[in-house]
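I opened a fresh notebook page for this one. Below are my entries, in the order in which I looked things up.

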Amino acid sequence: MSQPTPLHHPALHESGRLHANGAALYVDDIPPPKGMLVGQVIPSPVARGRIVSIDAAEAAQVPGVYAVLFARDVPGHNQVGPSFPDEPLLAEGEVHCVGQIVGLVVAEDLAACRAAAAKVRVKYEELPALLTVEQADAAGSYIGTPHFMQRGDPDVALAIAALRFNGVVETPGQDHFYLETHCALAIPGEDGTFTVHSSTQHPSEVQAKVAEVLHMPRSRVVVLSPRMGGGFGGKETQGNHYAALAALGALKTRRAVKVWLDRDEDMTQTGKRHPFRMTYEAGFSSDGMITALKARLLANGGWAADLTIPILDRSLFHADNAYFLPHVRLEGRAVRTNLPSNTAFRGFGGPQGMVLIEEIFNRAAERLGLDPAELRRRNYYGDAPRNVTQYHQEVKDNRLARIHQELMASSNYVARRAAIEKFNERSPHVKRGIGMQPVKFGISFTMSMLNQAGALVLIYSDGSVQLNHGGTEMGQGLHTKMLVVAAHELGLPPERIRVMTTATDKVPNTSATAASSGADLNGQAVRNACAVLRDRLRPVAARLLGLSVEDAHRVVFLDGHASVPGGTERVPWEKVTERAYVEQVSLSATGYYRTPDIKYDRAQGRGKPFHYFAYGAAVVEVELNGLTGEHRMLRADILHDVGDSLTPTIDRGQVEGAFVQGVGWLTCEEVIFDAKGRVLTHGPSTYKIPAVGEAPEDFHVALLDRAPQDGVIHGSKAVGEPPFMLGIAVVTALRHAVGAFGQVGREVELALPASPEALLRAVERARSAVAHGKARAG
């Protein structure tokens, strides 16, 4: 017997089988249109310079070359920046980073493109470049305006604090390293129209930028986003460039044009997670309660604004993480450097802000001799007045205390920490550590207008259904969840419904699939569209069931049939839809949703930027080799709040993947630039993402039960980003292990990412402190 509804039940990923057998189609798998050409970008070789001259005459003569394009060839607006008009599609006058796109070669194949690109002569006058946050800050090279948040009087609170200290925290960049690199295919149509297939999280923005570059209304451009092979934020805005380049090439040649980046090109040209440099001063009471915090957060935006300002904002929103800050002043600024423009990445600034407060809490625990987990517990948000954030939003439905209690018990934290201390006493070269990390993460786009979504549902007379919504699928399972929502609302088995490729001619004016809001927004829109259709079909079904029109409201659709509760008659769904067609009842409907009550005043630093908060916690145990700096994760226990999960298997996969990706950011992934602004880590041989060996040997993941959320789609919560920050637990665990090589009660100095080199240096510092202490005592 089939289950009555797939909602809240485990399910396979809707494309899982296609992924496994290789039948899933991505942009690069679309059969080439007849006469298709390919595009190859010409990147800047210098970090900053003035373009003195360009000579493409020799390149244009290479056999197979159809066009060599530069800024002068753009018929419309030569801009693709999502926030500020500071990001030309093709460089004009100056270049601002290594890899900035100067030109595009369009040819029959990549070999011809590369041969021609090598013959393009661009003369540059190199100019001084800013490559670090410190250099940009000193030079006053900023993006946008500063953002301040304040509560209470942190100066007075610091002056009377029992424990007072200051410091600097630097968080690293991170490459998205999606399996599918950027790709776009532009196909010219009749009467000057264009169809663009783009690997993008934001089809509507790609549509807008292509239309602006080509100097035409958006209605003449249709953008389709088939599944992506990963996105993680890296395809939220930066797909604009390659789609617009492909469209420009198609306009100039009247042929289909594909622009695809290989791994080396993708890692060289595209932006990363924003590195931050954060300075702070913090105060604590003698019993471990934080009393004051002053901090300045600087985000390295790279050469163009991209989404740097809202990312900076979210870092300030999450600089409290799970803790009530009674006296706090935060300042955020974004600096402009001559590096590739950094962009969205899972967490969107939240991870950087959380690392700041967690570093402070780790240092306080080490100084006070307290278990860091207990110090964190004491400082959680709680009852009024300890339930208001530094931006003056009330923390409702707080599940921190419950999650903490349940995870500490299920992970056997106290006993394991004691066992680790005994192990470390008898093990001179290998030490273990354990860390606990809570997370409170706000859900919504912080730009209020983006909190909207649409859907289009089509029912055919044979009862089959097509589902269109504005979200994009990048492997995270959004299509699976939307399929489940539609199946539940229409009372159908999921196999009767087909989720269509996301397209701007089906659902217009969509927001990016980002901010962990894909299911929240699109799920509500899908539900609303299905509700319209269900209401239209009820009178039809009532007549087939022999009921009066007045009793139509009693009809329910379940398991592919229409019936009334307590009745014995059932009518197959397809009979209802066939009859509806005969009776001339419309079988298509749109749905729309916007999140209510979202507002924030950036100038005042106060408001309600989030619809709700998601919570979670992790306990991580590590083992560290003090001779090599290598470590392994022995065990991880996670308890995460996803509300009443739409599809538990999808959510569990998201929790596992986000956690491991967060661990990678803080341990093995390191983005390195040389003194000329050239990225040195531009492939898997030089940039290490987490593999099976970095995953915990013993991995326990549980979803918080009995935790439905009010005011969201079927009681569920967002899951894409919040578990990423659970990876911060590995830093606390590693600090515990490093500290075991030194003197009890001394602070640990550990740079991020905590690579083997960084860990070995930290161990040597801890040992040196012990040796220095013994020498002084002697």
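**Ground rules.** Helices (H or I, at least four residues) and strands (E, at least two) are DSSP runs, numbered from the N terminus. I am working with a predicted model, where local features need pLDDT of at least 70, side-chain atom pairs count only at pLDDT 80 or more, and totals for chains, interfaces and linings use all residues. Residues are numbered from 1 along each chain as its sequence is written, and side-chain values use heavy atoms, with hydrogens and water left out.

**Entry: Pro690.** I looked up Pro690 and found it in the loop between helix H17 (648-666) and strand S29 (698-703). I use three exposure words: buried is under 20% relative accessible area, exposed is over 50%, and partly exposed is in between (1.4 Å probe, protein chains only). Pro690 comes out as partly exposed, because its relative accessibility is 21%. For contacts I take heavy atoms within 4.5 Å. Setting aside neighbours within four places in sequence, Pro690 touches Val660, Gly664, Cys668 and Glu669. Of these partners I also checked Cys668, which counts as buried because its relative accessibility is 18%. I noted one long separation as well: the C-alpha atoms of Pro690 and Ser586 are 51 Å apart, with the two positions 104 residues apart along the chain.

**Entry: cysteines.** How many disulfides does a search of the whole structure find? It finds zero, taking a disulfide as a pair of cysteine sulfur atoms within 2.5 Å. Cys183 is in none, and the nearest cysteine sulfur, that of Cys113, lies 13 Å away. Cys183 is buried because its relative accessible area is 3%.

**Entry: H6 and H7.** Next I turned to a helix pair. Helix H6 (residues 203-214) packs on helix H7 (residues 239-253) at an angle of about 40 degrees, and the axes are 9 Å apart. The axes are lines fitted to C-alpha atoms, for helices over the stretch in contact, with angles from 0 to 180 degrees between N-to-C directions. My angle classes are roughly parallel under 35 degrees, roughly antiparallel over 145, roughly perpendicular from 65 to 115, and oblique for the rest. H6 is therefore oblique to H7. By class, their contact has nine nonpolar, two polar and two charged residues. Here Ala, Val, Leu, Ile, Met, Phe, Trp, Tyr, Cys and Pro count as nonpolar, Asp, Glu, Lys and Arg as charged, and the others, Gly among them, as polar. From H6 the participants are Glu205, Val206, Lys209, Val210, Val213 and Leu214, and they meet Gly239, Asn240, Ala243, Ala244, Ala247, Leu248 and Leu251 in H7.

**Entry: Ala243.** I then picked out Ala243, which is found in H7. Is Ala243 buried or exposed? Ala243 is buried, because its relative accessibility is 0%. Apart from neighbours within four places in sequence, Ala243 is in contact with Ala184, Val196, Ser198, Val206 and Val210.

**Entry: H15 and H16.** H15 and helix H16 (residues 573-582) pack at about 110 degrees, with axes 9 Å apart. These two helices are therefore roughly perpendicular to each other. Leu537, Val540, Ala541 and Leu544 of H15 make the contact with Trp573, Lys575, Val576, Arg579 and Ala580 of H16. By class I get seven nonpolar, no polar and two charged residues there.

**Entry: Val465.** Val465 is in strand S18 (residues 465-469), and it counts as buried because its relative accessibility is 3%. Not counting residues up to four places away in sequence, Val465 touches Val457, Leu458, Ile459, Leu490, Leu492, Arg496, Ile497, Arg498 and Trp573. Its C-alpha atom is 6.4 Å from that of Arg496, and the two residues are 31 apart along the chain.

**Entry: backbone checks.** Which peptide bond is cis between Ala384 and its partner? It is the one to Pro385, with omega about 5 degrees, and Pro385 is in the loop between helix H11 (372-378) and helix H12 (400-410). The bond from Leu752 to Pro753 is cis too, with omega near 0 degrees. I also logged positive phi in residues other than glycine: Asp306 has phi near 45 degrees, and Ser516 has about 60 degrees. Asp306 is buried because its relative accessibility is 1%, and Ser516 is buried because its relative accessible area is 14%.
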